[in-house]
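This report walks through one protein model, beginning with a pocket and the residues around it and moving on to the backbone and the chain as a whole.

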Amino acid sequence: MSTILFTYHLSFPSSFLETKVVDMRGKPLSRGTGEGIPYANFKTHKFSYLNITTIGSDYVGKGSECGFACVNLPSCFSFNLAAFHDMNGKVLCELLPSDLYNNSDKLVPSQSHHHYSIASPCLKWPCQNNGKCAAQYEKNSYVCVCAKGYTGEHCETDMDECSASIWPCDVNANCQNTYGSHKCSCKSGFYGNGKTCIHSGWTLIARFSNSDGKNWMRDDGRWWYDQQIALGATNNSSKNDDMISTAFWSVGGRELKITRSDDPSHIPLLQTTGNCLGGQTFRSKITSYGDFRNGKVWATDQCLGSCPVQYGGQYKSTDGFQQGNCSGDIQSANKIGFWCDWSTGDGAVMMIGGEGGGCARADHGIGITEANAASFVEEGGSEIEYDFGYNALSNTPPNQSYSLNLWIR
């Protein structure tokens, strides 16, 4: 590698227009604005080629003419020069709007060119751990731009991402700092890639009871959509009253199950198969179908969504599960449907089993209504709604001796 000092002025074709030049930091790249004859101290990198977009190119008689042209363009910081003359005794000169320090990954070996960049302390490659050197030509100095995971004047210090103000992992994950990076791993009881962790055990998120107020069938749909404070006994699955836990909107999962409050073994009456929730919270899942607050009809002769299920335990003797063996027009027996309706306005937020045709009704499952439309609000007359059950009519009141627990994992 040799040094060439250009201090002479030479005109170059007008096609070499000045451009705005920035370095890897996004800062303006400048050779200085001192008065007098422009100059630059170029370092030669033999049989190398900086493969970036040119300002312009032309043939010159001598290599020094290429250097003179670059010196006289403030936006020129390096050039490529053909190593051999052509048959006319000319060499190709390419003026470049940046340098090899900002583009070190684009300096490639070449059998036909030499590369010339303005001399800088960056030539000694002072930046460590894949940091890049941004030349400050006016000061004959430099600034290191560190790769992710490193800090310090020369990028010599490993950055502890695990102690950063912004936690890099899921709230339910552990963070292990590594040299230049970090690793996230889910805590015990959770699974995932560490960036997202899902509870691997069953979490009780809600309970539906007919022995208290119709909290789940309020006209405003608040418990499904908006409730942000836990209500009821969130840690006691044997209670026979309505409950909503913070896990309803904060714990994601893949599966659901429903159990009875009078079964201390928590044997599922129903459990989804496959990835029903896709990692979502239950509120995210149930509200993804639309906004049905305050009387908006959610469906007509259909379910807006469903998941396959398998039944067990006391399901045959549990209110709301009467259609668990019936496959109808809008849903088969082995499914739980979301936001369902059939015929003259009977519906369910969570319909268990089949509906339509031979199955006759949709008001079976959780959140059932006979409001002349699939809605939280009656369209006329007196509405009949239950938190769970079968056939939402006044002459068929649902069981009040137990409640249904909803779990997620």
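In this predicted model, strand β16, made up of residues 197-199, contributes 3 residues to the lining of the second largest pocket, and no other element gives more. The volume of this second largest pocket is about 150 Å³. Its lining is made up of D170, N172, F190, T196, C197, I198, H199, S250, V251, G252 and G279. Sorted by class, the lining of the second largest pocket comprises 6 polar residues, 4 nonpolar residues and 1 charged residue.

A record adds some context for this part of the chain. UniProt, in an unreviewed entry, places the feature "domain: EGF-like" at residues 118-156 and at residues 158-198. Over residues 118-156 the model has 33% strand and 0% helix, and the C-alpha atoms at the two ends of that stretch lie 26 Å apart.

Two residues deserve a closer look for their backbone angles. As a general matter, a negative phi is what most residues other than glycine have. F47 departs from this sign, with a positive phi of about 50 degrees although the residue is not a glycine, and N391, also a residue other than glycine, has a positive phi near 70 degrees. The table sets out where each of them sits.

| Residue | Phi | Place | Relative accessibility |
|---|---|---|---|
| F47 | about 50 degrees | loop between β2 (40-45) and β3 (48-50) | 39% |
| N391 | near 70 degrees | loop between β25 (385-390) and β26 (404-408) | 13% |

Which of the classes buried, partly exposed or exposed does each of these loop residues belong to? Because its relative accessibility is 39%, F47 counts as partly exposed, a class that lies between the cut-offs of 20% and 50%. N391, by contrast, has a relative accessible area of 13% and is therefore buried, since buried means under 20%.

The remaining values describe the protein as a whole. Its secondary structure comes to 26 strands and 4 helices. Of its 409 residues, 48% count as buried, while the protein exposes about 18,900 Å², of which carbon and sulfur atoms supply 48%. Among the contacts in the protein with a separation of 6 or more, residues 24 or more positions apart account for 62%.

Technical notes:
Residues are numbered from 1 along each chain as its sequence is written. This is a predicted model: local features need pLDDT of at least 70, side-chain atom pairs count only at pLDDT 80 or more; totals for chains, interfaces and linings use all residues. Side-chain values use heavy atoms; hydrogens and water are left out. Buried means under 20% relative accessible area, exposed over 50%, partly exposed in between (1.4 Å probe, protein chains only). On a 1 Å grid over the protein atoms alone, a cavity is a set of points where a 1.4 Å probe fits but cannot get out, and a pocket is an open set with protein on both sides within 12 Å along at least five of seven lines; lining residues have an atom within 4 Å of a point. Grid points are joined across faces, edges and corners, and a volume is the space filled by probe spheres set on the points. Ala, Val, Leu, Ile, Met, Phe, Trp, Tyr, Cys and Pro count as nonpolar, Asp, Glu, Lys and Arg as charged, and the others, Gly among them, as polar. Contact means heavy atoms within 4.5 Å. Accessible areas come from the Shrake-Rupley method with a 1.4 Å probe; for residues, only the protein chains shown count as cover. UniProt positions are given in the numbering used here, feature names are shortened, and annotations may be inferred rather than shown by experiment.
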